[in-house]
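Me: Got a minute to go through this one with me? I'd like to start with the sheet and then move on to the helices.

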Amino acid sequence: MPSKPSPITMDAVYTAPGYLFRRMQQIAVSIFVEECNAFDLTPVQYAALVAIHTHPGIDATRLSAVIAFDRSTLGNVIERLESKALIERKPSREDKRVKLLHLTKSGAAVLRDIMPSVEHAQLRMLQPLKPADRKTLLALMTQLVDLNNEASRVPLRAEDALEHLGKSS
């Protein structure tokens, strides 16, 4: 016997996992931007800076895999970071067509200075929850992201990208 279809109501939308994830993403970005306003960085720009700091000489393709961000859109992120003088692109010794990304001194300073604001933003996102619920939520979200990685338009491929990075830089 087929199951009865769900009613078409806004309550059904408001309680759907996809809707709740989208709303939390909106809230998370809003809190990040508010807390980090003085630095004029988006969450993706921040993640790119961290990845470039952690892996100096990474190229855009590997950066895309490390932060799980669409390669075509990442070009705009890199251009914005470069126009703010936070990163620089240098040609690879092996292949001059490949540009390797490095933090500038200014980029390293911004990354260092933004950290307290980023940490405060993360705390604010979880503040309404009890400490045990925060831990549970993060564990469940980590599990969902890991188990659904292949369903993403841009799956996280950090290990594969970094394996090759060590060989090419």
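**Sheet first, then helices**

Reply: Sure. In this predicted model, three strands form an open sheet in the order E1-E3-E2, and the pairing is antiparallel.

Me: Which strands stand at the edges?

Reply: Strand E1 (58-59) and strand E2 (87-91). Each has a single partner strand, so one side of each has no neighbour in the sheet.

Me: How many bridges between E2 and E3?

Reply: Five, with E2 and E3 (residues 99-103) running antiparallel. Within that sheet, Arg 89 has Leu 101 of E3 as its bridge partner.

Me: And which helix packs on the sheet?

Reply: H3 (residues 43-54), which touches E1, E2 and E3. The direction of H3 makes about 100° with that of E3.

Me: Back to E1 for a sec. Is Asp 59 buried or exposed?

Reply: Asp 59 sits in strand E1 and is buried: its relative accessible area is 8%, and the cut-off for buried is under 20%.

Me: What does Asp 59 touch?

Reply: Leaving out residues up to four places away in sequence, Val 98, Lys 99, Leu 100 and Leu 101. A polar atom of the Asp 59 side chain also lies 2.9 Å from the backbone nitrogen of Thr 61.

Me: New topic, H5. Which residues are buried there?

Reply: Leu 74, Gly 75, Val 77, Ile 78 and Leu 81. Their cover includes H3, helix H4 (60-67), E2 and E3.

Me: What span should H5 have?

Reply: 18 Å for its 13 residues (71-83) at 1.5 Å a residue, and the end C-alpha atoms are 19 Å apart, which agrees.

Me: What follows H5?

Reply: Ala 85, with a positive phi near 60°.

Conventions. Residues numbered from 1 in each chain as written. Predicted model: local features only at pLDDT ≥ 70, side-chain atom pairs only at ≥ 80, totals over all residues. Heavy atoms only, no water. Pairing = 2+ DSSP bridges. Helix = DSSP H or I, 4+ residues; strand = E, 2+ residues; numbered from the N terminus. Contact = heavy atoms within 4.5 Å. Axes fitted to C-alpha atoms, helices over the stretch in contact; angles between N-to-C directions. Buried < 20%, exposed > 50% of the residue type's maximum accessible area, 1.4 Å probe, protein only. Polar contact = N/O pair within 3.5 Å; in protein donor to acceptor, adjacent residues only side chain to side chain. Expected span 1.5 Å × (residues − 1).
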